[in-house]
Amino acid sequence: MASAGKPKPERSTRYDIALRLVVALPVGYALSALAGICIAFWLPLSRADAAMAGIFLGLILWPVIFMASFGFSSIRRLSAGLFVLAVLVAALAFGGGWRP
């Protein structure tokens, strides 16, 4: 039901939001997990302290990535930016000695 003075949202807006959700949820989770792994391997702390720091970073980073995904002007830029960032963080994690 439409309210007076508020236009009905277009279908393209709904699809754009749905695509951003589809990209931001799994890729943001993967990126935050990889960043946590990367921090855990690269910090010069004990294994337990580095692991806790990586966990905390991942918990902070996922909502930030999710919210930032709605700030990009297009879904293509969002996908490309997150993909490039995920590849760089994965390369750093592999360089630190992580093996899945």
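Is Asp 16 buried, partly exposed or exposed? I looked it up: Asp 16 has 28% relative accessibility and counts as partly exposed. I keep in mind that this is a predicted model.

**Entry 1. Confidence**

I checked the scores before reading any detail. The mean pLDDT of the protein is 87. A score of at least 70 is reached by 89% of the residues. Then I went through the helices. Helix 2, residues 47-68, has the highest confidence, at 92. Helix 1 has the lowest, at a mean of 89. I note the usual caution: where pLDDT is low, predicted coordinates should not be read in detail.

**Entry 2. Overall layout**

I counted three helices and zero strands. Along the sequence the pattern reads α-α-α. Next I took the contacts with a separation of 6 or more. Of these, 79% join residues 24 or more positions apart. I then turned to burial. The protein has 100 residues, and 21% of them are buried. The exposed area comes to about 7,200 Å². Carbon and sulfur atoms supply 73% of that area.

**Entry 3. The salt bridge**

How many salt bridges does a search of the whole structure find? I got one. Its partners are Arg 20 and Asp 16, with the closest N and O atoms 3.1 Å apart. Both residues lie in helix 1. They sit four residues apart, about one turn of the helix.

I compared the burial of the two partners. Arg 20 has a relative accessible area of 4%, so I list Arg 20 as buried. Asp 16, at 28%, is partly exposed. The cut-off for buried is under 20%, which is why Asp 16 does not qualify.

**Entry 4. Around Arg 20**

I wanted the surroundings of this buried arginine. Leaving out residues up to four places away in sequence, Arg 20 touches Ser 69, Phe 70, Phe 72, Ser 73, Ser 74, Ile 75 and Leu 78. I followed one of these, Leu 78. With the same sequence neighbours left out, Leu 78 touches Arg 20, Val 23, Ser 69 and Phe 72. Ser 69 and Phe 72 therefore turn up for Arg 20 and again for Leu 78, under the contact limit of 4.5 Å.

**Entry 5. The nonpolar core**

Leu 78 led me to the core. The largest nonpolar core has 12 residues. Val 23, Leu 31, Leu 34, Ala 35 and Cys 38 are among them. So are Ile 65, Leu 78, Leu 82, Ala 86, Val 89, Ala 90 and Ala 93. Helix 1 and helix 3 (75-96) each supply at least two residues of this core. Helix 3 gives the most, with six residues. I recall the general tendency: in soluble globular proteins, nonpolar side chains tend to be buried together.

**Entry 6. The nonpolar surface patch**

I looked at the outside next. Which residues make the nonpolar surface patch? I found Ile 17, Leu 21, Leu 25, Tyr 29, Trp 62 and Phe 70. The patch covers about 540 Å². Helix 1, residues 11-42, gives the largest share of the patch, four residues.

I picked out Leu 21, which is found in helix 1. Leu 21 counts as partly exposed because its relative accessibility is 32%. Patch residues need over 30%, so Leu 21 passes that limit. Phe 70 is one of the patch residues and is also touched by Arg 20.

**Entry 7. Ser 32 and helix 2**

Is Ser 32 buried or exposed? Ser 32 lies in helix 1. Its relative accessibility is 4%, so Ser 32 is buried. Leaving aside neighbours within four places in sequence, Ser 32 is in contact with Gly 58, Leu 61, Trp 62 and Ile 65. Trp 62 belongs to the surface patch. Ile 65 belongs to the core.

I then measured out from helix 2 by C-alpha distance. Ile 60 lies in helix 2. Ile 60 and Ser 32 are 28 residues apart in sequence and 8.3 Å apart in space, C-alpha to C-alpha. At 58% relative accessibility, Ile 60 counts as exposed.Ile 55 also lies in helix 2. Its relative accessibility is 46%, so Ile 55 is partly exposed. The C-alpha atoms of Ile 55 and Ile 39 are separated by 9.0 Å. Along the chain these two are 16 residues apart.

Definitions and conventions. Residues numbered from 1 in each chain as written. Predicted model: local features only at pLDDT ≥ 70, side-chain atom pairs only at ≥ 80, totals over all residues. Heavy atoms only, no water. Patch = residues over 30% accessible without salt bridge, like charges linked within 9 Å, V, L, I, M, F, W, Y side chains within 5 Å. Areas by Shrake-Rupley, 256 points an atom, 1.4 Å probe, with all protein chains shown as cover. Salt bridge = Lys/Arg side-chain N within 4 Å of Asp/Glu carboxyl O. Buried < 20%, exposed > 50% of the residue type's maximum accessible area, 1.4 Å probe, protein only. Core = buried A, V, L, I, M, F, W, Y, C linked by side-chain atoms within 4.5 Å. pLDDT = per-residue confidence, 0-100.
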